[in-house]
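Reader: Please take one strand of this protein and go through its surroundings closely. I would like the pairing and the burial treated together, with some context from the rest of the chain.

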Amino acid sequence: MVMSRSDVEELTKDQLLPIWEGEQERLDRIDRWYRWQHDPVKTPRGATPELKALVELSKTPWLNLVVSTIAQTMYVDGYRSPNGEQFTVVPWRAWQRNDFDARQLAIHRGALAYGYSYATAMPGEVDGERAAVLRGVSPRRMQAVYADPAEDDWPMYAVRVERNGRAQMIRVLDDEAEYWLTTERGQPELIEYRTHGLGVCPVVRYWDHRDLDGRTPGEVEPYIPVAARINKTAFDRMMTQHYASWKVRTIAGMVRPEGASDAEVQQKKLQLRQDDILIAEDPDTKFGTLDETPLDGFIRAWESDIEALAAVTQTPTHALTGKLINLSAEALAAARAALVQKVVEIRTGYGKGHGQLLRLAAFIEGDEAAATDFEAHVTWQDMEIRSLSQAVDALGKGVQMLQIPPRALWPRIPGVTKADVDEWARMAEEDDSVGALLDELRAQSEAAAVDAAAVGAPDGGDGRGV
């Protein structure tokens with residue numbers, strides 16, 4: 001049943017808004033480290049602008065690179081069902097119509113960065129027909145409430161908040177309707193509602209490494225201390241480089257001129273060029289230098305911190321450092337093995353979310369068979385880095401040695417999308433139809449020749465037809 005005005009306003013004020021607000025501080029901190037507005041390195045009280053500038057220069061968005069390295073290996077390019085292609089037409093059409101080839105990227109990145117993200121499927125219209133409207137939503141703008149966050153697929157409620165100056169525009173979703181509220185007068189007030197009649201709260205959650213307690217840490221929050229250590233090491237190096245990375249010349253035994261003011265001494269301060277020679281009249285005057293502070297130790301510590309980040313995030317070290325020296329194909333595969341295993345695990349969770357979203361889209365568009373096809377699943381584009389010749393050679397051996405149908409291996413060719421495979425299938429069917437026509441014409445011609453020889457062929461004198 002649709003909630004009453006008082007129930008919606010009370011639920012929003014007492015439960016949903018506090019849940020959303022309580023998560024914002026944690027998500028904002030993650031967002032700072034995911035982007036490039038890190039928490040600064042602590043400096044002494046009264047730090048100079050020069051020192052503060054070095055703090056800003058020491059920041060590097062390492063965790064953004066970790067997220068990007070994983071996200072760039074994840075791209076959905078198809079939807080399949082072992083029950084037949086007819087079970088995938090409507091869901092995949094909804095995917096394409098809502099431009100989810102592009103929208104999926106933001107959903108994946110959001111779930112990787114914050115630990116979870118959302119997508120909604122709402123009824124709409126296209127050319128006068130009922131259609132599913134699919135959208136991705138950041139967890140910084142939406143929070144879903146589950147009876148059991150570790151087990152439940154569908155939430156009880158979801159609240160989406162859009163700030164509009166001091167006021168907030170709030171949308172609340174449940175299993176029957178969507179409610180619009182505003183806080184212009186300080187308290188949530190219902191403006192209107194629309195029923196959707198889907199029987200579930202139409203919000204799908206994408207999660208990263210969810211455990212049995214429903215926790216989803218993501219790829220940023222657990223590694224903030226490691227990234228902060230890298231920034232601190234970088235700051236120490238830059239401070240040493242700025243203040244103590246050159247030799248300091250010293251003079252002992254030189255007397256200050258009598259009657260010279262501080263301003264005159266500063267104005268006449270000795271400025272040395274490369275070819276200058278220092279001469280002192282007093283034989284007791286001694287010239288010397290103080291050695292610069294070596295930076296090698298800081299650089300080694302910085303590289304060690306980066307290697308630690310690569311280890312705990314299962315990111316190939318060369319992806320963070322950019323160093324790639326004379327590595328064979330086998331060495332590259334070994335370097336990426338941990339990342340590949342991690343991506344397979346993450347794809348499993350995200351694939352479940354995409355399948356859930358597409359089944360709901362099929363239900364909205366009236367395809368009950370596709371909506372209840374739990375064997376259907378999305379397919380991921382092969383993003384492994386290897387040469388085309390190696391891939392084709394391996395796939396060809398699969399056809400020859402294992403008798404795998406050639407068409408089944410088309411999607412596994414690197415860089416090939418579902419659109420490419422569909423186009424190839426159409427071209428193959430056209431070629432097959434022409435070949436079948438030629439075979440039929442050839443068979444008819446041969447049959448006509450045999451008939452002509454049997455009926456009216458002249459005798460050659462030896463009992464055989466000519």
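Author: The account below starts with the whole model, turns to strand E7, and ends with a helix and a pocket elsewhere.

The model is predicted. Its secondary structure comes to 15 helices and 12 strands. The protein has 466 residues, and 38% of them count as buried. Of the contacts between residues at least 6 apart in sequence, 67% join residues at least 24 apart. The exposed surface is about 27800 Å², with 52% of it supplied by carbon and sulfur atoms.

Strand E7 covers residues 177-182, and six of the six are buried, so the strand is largely enclosed by the rest of the structure. Here a residue counts as buried when its relative accessible area is under 20%. In a regular strand, side chains alternate between the two faces of the sheet. Both faces of E7 are covered: one side carries Ala177, Tyr179 and Leu181, the other Glu178, Trp180 and Thr182, and all are buried.

E7 has pairing partners before and after it in the sequence. Strand E6, residues 167-173, pairs with E7 in the antiparallel sense over five bridges. In this pairing Leu173 stands opposite Glu178, and three residues separate the two strands in a hairpin. Strand E8, residues 189-195, is also antiparallel to E7, with six bridges between them. There, Leu181 of E7 faces Leu190 of E8 as its opposite residue. E7 and E8 form a hairpin too, with six residues between the strands; in its turn, Gly186 has a positive phi of about 95°.

For context, consider a helix. H6 spans residues 224-244 and reaches 29 Å from its first C-alpha to its last, close to the 30 Å expected for its 21 residues. Its buried residues include Ile224, Ala227, Ile230, Ala234 and Met238. An α-helix has 3.6 residues a turn, so residues three or four places apart point the same way. The buried residues of H6 pack against four helices: H1 (5-34), H2 (49-57), H3 (62-71) and H8 (296-313).

Last comes the largest pocket, which holds about 1100 Å³ of space. It is lined by 40 residues, and those closest to its centre are Asp77, Arg80, Thr379, Ala408 and Pro411. Elements giving two or more residues to this lining include strand E1 (76-80), strand E12 (377-380) and helix H14 (406-409). Helix H11 gives the largest share of the lining, five residues.

Notes:
Residues numbered from 1 in each chain as written. Predicted model: local features only at pLDDT ≥ 70, side-chain atom pairs only at ≥ 80, totals over all residues. Heavy atoms only, no water. Buried < 20%, exposed > 50% of the residue type's maximum accessible area, 1.4 Å probe, protein only. Contact = heavy atoms within 4.5 Å. Areas by Shrake-Rupley, 256 points an atom, 1.4 Å probe, with all protein chains shown as cover. Pairing = 2+ DSSP bridges. Expected span 1.5 Å × (residues − 1). 1 Å grid on protein atoms, 1.4 Å probe; cavity = no way out; pocket = protein on both sides within 12 Å on 5 of 7 lines; lining within 4 Å. Points joined across faces, edges and corners; volume = space filled by probe spheres on them.
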